[in-house]
Amino acid sequence: MTESIPTGADDQLPAGQVRHQITVPEHVPMVALLGQRDEVLTAIEAGFPQVDVHVRGNLITMTGNPGDVALAERLLDELTQIASSDQPLTADAVERAIAILTSATTDRPAQVLTMNILSNRGKTIRPKTVGQKDYVEAIDANTVVFGIGPAGTGKTYLAMAKAVQALQAKQVNRIVLTRPAVEAGERLGFLPGSLNDKIDPYLRPLYDALHDMLDPESIPRLMAAGTIEVAPLAYMRGRTLNDAFIILDEAQNTSAEQMKMFLTRLGFGSRIVVTGDVTQVDLPGGAVSGLKVVQEILSDIEDVAFCELTSADVVRHRLVADIIDAYSHYETRHPQVGRGQAPSRGRSEWTR
């Protein structure tokens, strides 16, 4: 914890401003708190442009209006706790901590940003937003979890990390990863090669995530032994999956019948995570997405959780969240576009 001390009344300050001096504990190196080349300090100043920040030794002085100074102090206290956990601080961590502090949540940034899921080759996977933290906790607490949200919110990646964690902890004996092989503009039958060659592009994102979480040389061995299985959804029919962590990705491209078929594969000692984005349905002929109707069907079932991730949970380039919001606003004004139809106006707004 940092110690904040209001400065004396003799200080000459503009009306309505306060000055607080914060003492950083000796066990927290200032270079860890402020970042390389003061990267973290620069991010703090960018987040609170109305607060004047000065650093001398382990003393940080903040001057500004009371509300901004109080919030900046809370941020610094959270960053100190994160730095105390030996987690490197970055400008991105500062931005996410500010977003958490200014959102309507009781979660603290240090609670969210220090929750470790999985570590491999010096890289640690952890949630970066409150929504992601709630999603991870839901996976721990429920047998079936639906992670629904736009691209870049980490819904598949975090589910994969929890699956690998469960396998390493011997909570399950295998991981089953599946996706529907639905074309997004291309025709599967016209792709070159064997059946495996044709379906590989649909499963490639799952392989890529696995390579981030496991030693690459171990993956072929685990797949040959059946410990990890990556297969199209059609391969799940007629099976019962016991002692497995099962992930269905891109679930918006399942029909209602396929979703029912998949969920009823659940066996003893298994867990299921279903991920998808209901705004990106590629089903042909206007078919209803199984992901869109399943919440109405299962919302009252115990041990089933639905987690809604939003643009606030996007962890890709900051423009991704802006793009998602822009599309959402457009489709609100033109619902026929969201259903894959052309705008009704004479000249499409897409060309403006």
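This briefing walks through the main features of one protein chain. The model is predicted. The chain holds 13 helices and 12 strands. Of its 352 residues, 47% are buried. Contacts often bridge long stretches of sequence: among those between residues at least 6 apart, 66% join residues at least 24 apart. The accessible surface comes to about 18,400 Å², and carbon and sulfur atoms account for 51% of that area.

**Nonpolar cores**

- The largest nonpolar core has 37 residues. Tyr135 and Leu210 have the most contacts inside this core.
- Several helices give two or more residues to the core, including helix 6 (130-141), helix 7 (155-168), helix 8 (195-213) and helix 9 (218-224). Strands that do so include strand 8 (174-179), strand 9 (228-232), strand 10 (244-248) and strand 12 (304-308).
- Helix 7 gives the most, with 8 residues.
- Leu210 touches Met160, Val164, Leu177, Ile219, Ile228 and Val230, leaving aside residues up to four places away in sequence.
- A second, separate core has 35 residues. Among them are Met30, Met62, Ala83 and Leu101.

**Strand 10 and its partners**

- All 5 of the 5 residues of strand 10 are buried, so the strand is largely enclosed by the rest of the structure.
- Both of its faces are covered. Ala244, Ile246 and Leu248 are buried on one side, and Phe245 and Ile247 are buried on the other.
- Strand 10 pairs with strand 8 in the parallel sense, over 5 bridges. In this pairing, Ile175 stands opposite Phe245.
- Strand 10 also runs parallel to strand 11 (residues 271-276), joined by 4 bridges. Here Ile247 stands opposite Val273.

**Loops on either side of strand 10**

- Asp243 lies in the loop between strand 9 and strand 10. Asp243 is partly exposed, at a relative accessible area of 33%.
- Most residues other than glycine have a negative phi. Asp243 has a positive phi, near 50°.
- Glu250 sits in the loop between strand 10 and helix 10. Its phi is also positive, near 55°. With 26% relative accessibility, Glu250 counts as partly exposed.
- Gln252 is in the loop between strand 10 and helix 10 (256-263). Gln252 has a relative accessible area of 1%, so this residue counts as buried.
- The side chains of Gln252 and Glu250 make a polar contact at 2.5 Å.
- Leaving aside residues up to four places away in sequence, Gln252 touches Gly276, Asp277, Val278, Gln280, Val281, Leu283, Ser289 and Leu291.

**Helix 3**

- Helix 3 covers residues 66-84, 19 residues in total. At 1.5 Å a residue, the helix should span 27 Å. Its end C-alpha atoms are 27 Å apart, which agrees.
- The buried residues of helix 3 include Val69, Leu71, Leu75, Leu76, Leu79, Ile82 and Ala83. Charged or polar residues are on the buried list too: Glu73, Asp77, Glu78 and Thr80 are among them.
- At the start of the helix, a side-chain oxygen of Asn65 comes to within 3.2 Å of the backbone nitrogen of Gly67.

**After helix 3**

- Ser85 lies in the loop between helix 3 and helix 4 (91-101). Ser85 is partly exposed, with a relative accessible area of 38%.
- The side chain of Ser85 reaches back to the backbone oxygen of Ile82, at 2.5 Å.
- Ser85 and Thr114 are 29 residues apart along the chain, and their C-alpha atoms are separated by 7.5 Å.
- Asp86, just after helix 3, takes a positive phi of about 65°.

**The hairpin of strands 3 and 4**

- Strand 3 (residues 52-56) and strand 4 (residues 59-64) run antiparallel, joined by 5 bridges.
- Arg56 stands opposite Leu59 in strand 4.
- The hairpin has 2 residues between its strands. Gly57 takes a positive phi there, near 60°.

Note on methods
Residues numbered from 1 in each chain as written. Predicted model: local features only at pLDDT ≥ 70, side-chain atom pairs only at ≥ 80, totals over all residues. Heavy atoms only, no water. Buried < 20%, exposed > 50% of the residue type's maximum accessible area, 1.4 Å probe, protein only. Contact = heavy atoms within 4.5 Å. Areas by Shrake-Rupley, 256 points an atom, 1.4 Å probe, with all protein chains shown as cover. Expected span 1.5 Å × (residues − 1). Polar contact = N/O pair within 3.5 Å; in protein donor to acceptor, adjacent residues only side chain to side chain. Core = buried A, V, L, I, M, F, W, Y, C linked by side-chain atoms within 4.5 Å. Pairing = 2+ DSSP bridges.
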